[in-house]
Amino acid sequence: MINKQLAVDEKQVTLDEWVLERFRDKLKKAATLTNRYDKPLVLYRRTIEEFESAGEEEVGTLINESYALVQVYTHGGFIPLTFQQQFVFPLDDFPRWVMKRSRDLVLQCLEAIEEVLSMG
């Protein structure tokens, strides 16, 4: 039983590494386009909390050829737009951070990148 579990874990690690490598490659290609057009690319947007007309949201953005930015902000209602957190990641580190957060976020990022690359 333990040997089977180890084999499954090894396959999962290998698959995760393959996905991360593809993610990095696509991210670098998209970064070239964002730099060329001087326009950031929203990789994902995730609502953290919503209450009536106010909310807290997290947005991941590819800002240039070197960095991705993640911002958590509150907005709406009587709440002025306020940035709660900001994280800046080198492009090589961003995919692993996203993968640790959620595989769904990885898919959202890849879909956004594919859309831009198909237009680019």
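## The hairpins around strand β3

Let's start with a turn: a hairpin of four residues carries the chain from β2 to β3. This is a predicted model, so keep that in mind as you look around. Strand β2 covers residues 54-62, and its pairing with β3 is antiparallel, with nine bridges. To find one of those matches on screen, pick Glu-56: its bridge partner in β3 is Thr-74.

Now follow β3 out the other side. Strand β4 (residues 79-90) also pairs with β3 in the antiparallel sense, again over nine bridges. Here Gly-76 sits opposite Ile-79 of β4. The hairpin of β3 and β4 has two residues between the strands, and one residue to look for in this hairpin is Gly-77, with a positive phi near 60 degrees.

So how enclosed is β3, which runs from residue 67 to 76? Seven of its ten residues are buried, so the rest of the structure largely encloses this strand.

## Glu-58, a buried acid

Back in strand β2 you'll find Glu-58. Is Glu-58 buried or exposed? Its relative accessible area is just 4%, and buried means under 20%, so Glu-58 counts as buried.

What does Glu-58 touch? Leaving out residues up to four places away in sequence, its contacts include Tyr-44, Ile-48, Val-70, Val-72, Trp-97 and Leu-105. Arg-45, Arg-46 and Arg-101 are also among them.

## Salt bridges

The model has eight salt bridges. One of them joins the side chains of Arg-101 and Glu-58, at 3.1 Å from N to O. Arg-101 belongs to helix α2 (residues 94-101) while Glu-58 belongs to strand β2, so this pair ties together parts that are 43 residues apart in sequence. Arg-101 is partly exposed, at 35% relative accessible area, whereas Glu-58 is buried. Through shared partners, salt bridges also bring Arg-46 into one network with Glu-58 and Arg-101.

Next, look at Glu-57, which has a salt bridge to Arg-45 with the closest N and O atoms 3.0 Å apart. Glu-57 is in strand β2 and Arg-45 is in strand β1 (residues 41-51), so the link ties together parts twelve residues apart in sequence. Glu-57 is buried at 11% relative accessibility, while Arg-45 is partly exposed at 48%.

Helix α1 offers another example: the side chains of Glu-21 and Arg-24 form a salt bridge (3.5 Å, N to O). These two are three residues apart in helix α1 (residues 2-37), which means about one helical turn separates them. Glu-21 is partly exposed, with 41% relative accessibility, but Arg-24 is buried at 12%.

## A cluster of rings

Time for the aromatics. The distance between the centres and the angle of the planes are what describe a pair of aromatic rings. This structure contains seven aromatic pairs. Take Phe-89 and Phe-94: their ring centres lie 5.8 Å apart and their planes meet at 55 degrees, so the pair is tilted. Both are buried, Phe-89 at 11% relative accessibility and Phe-94 at 0%.

Phe-89 also pairs with Trp-97, with centres 4.7 Å apart and planes at 35 degrees, so this pair is tilted too. Trp-97 is partly exposed, at 21% relative accessibility. Which residues do the ring pairs link into a cluster? The members are Phe-23, Phe-87, Phe-89, Phe-94 and Trp-97.

Technical notes: Residues numbered from 1 in each chain as written. Predicted model: local features only at pLDDT ≥ 70, side-chain atom pairs only at ≥ 80, totals over all residues. Heavy atoms only, no water. Buried < 20%, exposed > 50% of the residue type's maximum accessible area, 1.4 Å probe, protein only. Pairing = 2+ DSSP bridges. Contact = heavy atoms within 4.5 Å. Phe/Tyr/Trp six-rings, centres within 6.5 Å; stacked < 30°, edge-to-face > 60°. Salt bridge = Lys/Arg side-chain N within 4 Å of Asp/Glu carboxyl O.
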